[in-house]
Amino acid sequence: MIKNGFLTFCFSFIPGAGQMYQGYMKRGLSQILAFVLLIALGAALFSPIAVFAAVVYMYSFFDSLNLRSRLKMGECPPDEFQFDLDQVKGLAELAVKKHNIVGWALVIMGLYGLYDNFVYPWVWSLTDIFGYDNVVVNTVRGILAGLPTLAVSVVFVAAGIYLIRGSKKTRKQLPEELDDEDFTSFKGE
């Protein structure tokens, strides 16, 4: 049964609610969980993660309206969770293979959490003790305020250099690829 279009539009503003209103409980539940999880992780650990909640929000809004139009055309897509467990297993295998990258990402997130929740507020409390016109406190506060931007910039530069140079494995394989049997050099016309 096709639901009311206006109510579907109104429920679409709440991630997953539009899908649930149309009877797609698993689909709606997975979108609500993704949205709330990203907001919670962003608030508790690493605030830039919360930006991805906006992506889930927009996807959920348009998915709800798309689902309604598909139902009006007579299509009845299955009610499935948006995140397949096989994909999660694939991500887990990738994390095991690339454990160094995952480890560094966790270290960076942990350091940022410590900085954002402990170090920076502590420096702000120093201004209450020593006053807002203290040169040393203002200098330390200024350095700490620019620290996240500096760290992200260094990571971007390092990643760019790595991508330009290529990995050691790729550089070692390059001469071998040139000796390929399928390669024929151009000898002119």
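Select Gly-131 to start: just after helix α6, this glycine takes a positive phi of about 95°. The model is predicted, so local features need pLDDT of at least 70 and side-chain atom pairs count only at pLDDT 80 or more, while totals for chains, interfaces and linings use all residues. Residues are numbered from 1 along each chain as its sequence is written, and side-chain values use heavy atoms, with hydrogens and water left out.

**Helix α6**

Step back from Gly-131 into α6, residues 99-130. Helices here are DSSP runs (H or I, at least four residues), strands are E runs of at least two, and both are numbered from the N terminus. α6 has 32 residues and spans 45 Å from first to last C-alpha, close to the 46 Å expected at 1.5 Å a residue; the expected span is 1.5 Å times one less than the number of residues. Centre the view on Tyr-115, where α6 bends by about 40°. The bend at a residue is the angle between axes fitted to the seven residues ending there and the seven starting there.

Tyr-115 is also one of the buried residues of α6, together with Gly-113, Val-123, Leu-126 and Thr-127. Buried means under 20% relative accessible area, exposed means over 50%, and partly exposed is in between (1.4 Å probe, protein chains only). These buried residues pack against α7, judged by contact, which is heavy atoms within 4.5 Å.

**Helix α7**

Now select residues 135-165, which make up α7. This helix has 31 residues and reaches 43 Å from its first C-alpha to its last, close to an expected 45 Å. Where does α7 kink? At Leu-147, by about 40°, shortly before Pro-148.

The buried residues of α7 are Val-137, Arg-141 and Leu-144, and what covers them includes α6. Further along α7, pick Ala-151. At 43% relative accessibility, Ala-151 is partly exposed. Draw a distance from its C-alpha to that of Tyr-112: the two are 9.6 Å apart, with their positions 39 residues apart along the chain. After α7 comes Gly-166, again with a positive phi, near 85°.

**The aromatic pairs**

Next, show the aromatic side chains. How many aromatic pairs does a search of the whole structure find? Six. Rings of Phe, Tyr and Trp (its six-membered ring) pair if their centres lie within 6.5 Å; planes under 30 degrees apart count as stacked, over 60 as edge-to-face and the rest as tilted.

Select Phe-9 and Phe-61, an edge-to-face pair at 6.0 Å centre to centre with 70° between the planes. The pair links distant parts of the chain, 52 residues apart: Phe-9 belongs to helix α1 (residues 5-11) and Phe-61 to helix α4 (residues 51-72). Phe-9 is partly exposed at 34% relative accessibility, whereas Phe-61 is buried at 13%.

Move on to Phe-11 and Tyr-21, a tilted pair with centres 5.0 Å apart and planes at 35°. Phe-11 is in α1 and Tyr-21 in α2 (residues 17-21), ten residues apart. Phe-11 is partly exposed, with a relative accessible area of 32%. Add Lys-3 to the selection: its charged end sits over the ring of Tyr-21, 5.6 Å from the centre. Here a charge sits over a ring if NZ of Lys or CZ of Arg is within 6 Å of the ring centre and within 35 degrees of the ring normal.

Then select Phe-9, Phe-13, Phe-61 and Phe-62, which form one aromatic cluster.

**Core and α3**

Select Ala-34, Leu-38, Ile-49, Ala-53 and Val-56, the largest nonpolar core. Such a core is a set of buried Ala, Val, Leu, Ile, Met, Phe, Trp, Tyr and Cys residues joined through side-chain atoms within 4.5 Å. Two or more of its residues come from each of α3 (25-44) and α4. Ala-34 touches Val-56 and Phe-83, leaving aside residues up to four places away in sequence.

Also in α3 is Arg-27. Is Arg-27 buried or exposed? Buried, at 10% relative accessibility. Leaving aside residues up to four places away in sequence, Arg-27 touches Gln-19, Asp-63, Leu-67, Pro-77, Pro-78, Asp-79, Glu-80 and Gln-82.

**The whole chain**

Finally, zoom out. The protein has eight helices and zero strands. Of its 189 residues, 21% count as buried. Among contacts with a separation of 6 or more, 57% come from residues 24 or more positions apart.
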